[in-house]
There are 2 protein chains.
Amino acid sequence: MPPTTARERARAALTTDITDLARAQLATAGAAGLSLRAIARELGMASSALYRYFPSRDDLLTRLIIDGYDDMGAAAEAADDPGAAPGERWLAVCRAVRTWALARPHEYALLYGSPVPGYSAPEDTVPAAARVGVVLGRVLGDAARAGLLPPAAGRATGTVSAAAAGVLGGAHPALDDAVRTRALLAWSALYGTISFELFGHFTGSVTDADTFFDDAITDLAGLLGF
Amino acid sequence: MPPTTARERARAALTTDITDLARAQLATAGAAGLSLRAIARELGMASSALYRYFPSRDDLLTRLIIDGYDDMGAAAEAADDPGAAPGERWLAVCRAVRTWALARPHEYALLYGSPVPGYSAPEDTVPAAARVGVVLGRVLGDAARAGLLPPAAGRATGTVSAAAAGVLGGAHPALDDAVRTRALLAWSALYGTISFELFGHFTGSVTDADTFFDDAITDLAGLLGF
DNA sequence: TCACCATGGAGAGCAGTGCTCTCGGAATGT
DNA sequence: ACATTCCGAGAGCACTGCTCTCCATGGTGA
């Protein structure tokens, strides 16, 4: 339900003002440079008043992390056309993730870079964090159900949890632990390439980042059988 | 040449004391929690005296980063047996990198996590950072020269720089841009899986991290033709 | 040998941080 | 109209990186 009383309205408005300013500050100073006092200053209020809205700096970061995961997940979902071929879908979703990351490098770093020290992601972040994985898992499952995947070897290595197996296509003869391991590998490889590009580990090695990314992602699609 | 005068000896000793304490602090508080004052306190000296040895906190971090790259590179080099088969070599080097990372998660995060904000890695870090890549590139090149690689398609996509091509096996008929792209992909995927494991993105999905890593790395080796 | 000077410590201080506490006014529910 | 809850302000604590000044010491050229 939306806020009803004037107080709740004001509180909600100020809360989004804070997170917006925090995001803006994130874009310039990074996560470590995020300063509650600076936000309060820009808002024209005492720093102590901010603690009525976020009990601590880490809680603000948690909010930003959840919003970030959700925003990225929405971008991935929007990029997925369930009617297209698996290879096309995979490429489109991966491209969307990279585009999202390139537009907000600091926010991406907050999600997939070093964890903030002394801060362990609360349970709240899990569902939001899973959204991109769910989209990629659906692509895999749809491909299997459409008979577009090579037959699986039927190996059960026991390394992929049942919960993850459910997300990664569910039960299907064309899907076994070996396939799912490759899916998890492709998933982490996607973030590996994006992180390397964003964090500067490719500088001097990759000249055309756009086509390199497409080539690499296509290789990964081949690994998955698309 | 080693330090000669007593002063130089004392300076070198104190410098290593500082970096050792910094590394210890890194292991507990992470990069953001690294405090020059705390180091000075543990050393029983004034915080201002530390600036005689490191002009700023970022310079200390740079030192730690270079040392970290070097240590990891040495571990990778030690794990590589040039006489073994390419697949074995690839697996051994990747395992060594992961083992190194698992033993020093915070140090790994410093190297491959989010870049420290407002801090751009100086040129000094480049050669040290390249060491692991050089080892992996040598494995690829040796495999090509031994005729253990499938024939290349001969594609020149122009995405891999000449410098990187030199590291990634050098010139050989079995090596083209398509192969080198896969090599860079495998390289970043290696760090993607390690980062995901270390940063907690696999929690709940991967049950047996050790065998998952081996499986994933073997898949990557297959992608490279090993 | 002695004077000179670079070296490296100590301390005070500045500007900034997250966070806590108390106080007082204002909106809300009864 | 009253009681309660909410929310902003201000002062203050402990901490940070960093600078500046001052001073003792160690190595060195005359």
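Which side chain does the side chain of Arg98(B) make a polar contact with? The points below begin there and then move to the core, the chain interface and the two DNA strands.

1. The model is predicted. In it, the side chain of Arg98(B) makes a polar contact with the side chain of Glu197(B), at 2.8 Å. Arg98(B) belongs to helix H5 of chain B, which covers residues 86-103.

2. Is Arg98(B) buried or exposed? Arg98(B) counts as buried because its relative accessibility is 8%, and the cut-off for buried is under 20%. Setting aside neighbours within four places in sequence, Arg98(B) is in contact with Ile194(B), Glu197(B), Ala209(B), Asp210(B) and Phe213(B). Glu197(B) is thus named both in this list and in the polar contact.

3. In soluble globular proteins, nonpolar side chains tend to be buried together. Here the largest nonpolar core has 131 residues, and the members that touch the most others are Tyr191(A) and Tyr191(B). Helix H9 of chain B, residues 177-199, gives this core its largest share, 12 residues.

4. What is Tyr191(A) in contact with, leaving aside its neighbours within four places in sequence? Within chain A, the contacts are Met72(A), Val97(A), Tyr108(A), Tyr112(A) and Val132(A). Tyr191(A) is also in contact with Phe196(B), a residue of chain B.

5. The interface between the protein chains involves 44 residues of chain A in contact with 44 residues of chain B. About 3500 Å² is buried between chain A and chain B, and carbon and sulfur atoms give 69% of that area. On the chain A side, Thr159(A), Leu185(A) and Phe196(A) supply 16% of the area that chain A buries against chain B, more than any other three residues.

6. DNA strand C is surrounded by 23 residues, and the closest come from both protein chains: Arg37(A), Arg41(A), Ala46(B), Arg52(B) and Tyr53(B). Of the atoms of DNA strand C that come within 4 Å of the protein, sugar and phosphate account for 49%. By class, the residues of this surface are eight nonpolar, six polar and nine charged.

7. Some individual atom pairs can be named for DNA strand C. A polar side-chain atom of Arg52(B) is 2.4 Å from a base oxygen of the strand. The side chain of Arg7(B) has an N or O atom 3.0 Å from a base oxygen. Arg7(A) instead places a backbone N or O atom 3.3 Å from a phosphate oxygen. The elements giving two or more residues to the surface near DNA strand C are helices H1 (6-29), H2 (36-43) and H3 (47-50) of chain A, with helix H1 (6-29) of chain B.

8. DNA strand D also has 23 residues around it, and those that come nearest are Ala46(A), Arg52(A), Leu36(B), Arg37(B) and Arg41(B). Sugar and phosphate make up 49% of the atoms of DNA strand D that come within 4 Å of the protein. The surface near this strand has nine nonpolar, six polar and eight charged residues.

9. Which atoms pair up at DNA strand D? A polar side-chain atom of Arg37(B) lies 2.4 Å from a base nitrogen. A backbone N or O atom of Leu36(B) is 2.6 Å from a phosphate oxygen. A side-chain N or O atom of Arg7(B) is 3.5 Å from a base oxygen of DNA strand D. Two or more residues of this surface come from each of H1 and H3 of chain A and H1, H2 (36-43) and H3 (47-50) of chain B.

Methods
Residues are numbered from 1 along each chain as its sequence is written. Chains are lettered from A and ligands numbered from 1 in the order in which they are written. This is a predicted model: local features need pLDDT of at least 70, side-chain atom pairs count only at pLDDT 80 or more; totals for chains, interfaces and linings use all residues. Side-chain values use heavy atoms; hydrogens and water are left out. A nonpolar core is a set of buried Ala, Val, Leu, Ile, Met, Phe, Trp, Tyr and Cys residues joined through side-chain atoms within 4.5 Å. Buried means under 20% relative accessible area, exposed over 50%, partly exposed in between (1.4 Å probe, protein chains only). Helices (H or I, at least four residues) and strands (E, at least two) are DSSP runs, numbered from the N terminus. Contact means heavy atoms within 4.5 Å. A residue is near a molecule or strand if one of its heavy atoms lies within 4 Å of it. A polar contact is a pair of N or O atoms within 3.5 Å; within protein, one must be able to donate a hydrogen and the other to accept it, and residues adjacent in sequence count only if both atoms are side-chain atoms. Ala, Val, Leu, Ile, Met, Phe, Trp, Tyr, Cys and Pro count as nonpolar, Asp, Glu, Lys and Arg as charged, and the others, Gly among them, as polar. Buried area is the accessible area (1.4 Å probe) that two parts lose on being put together, summed over both.
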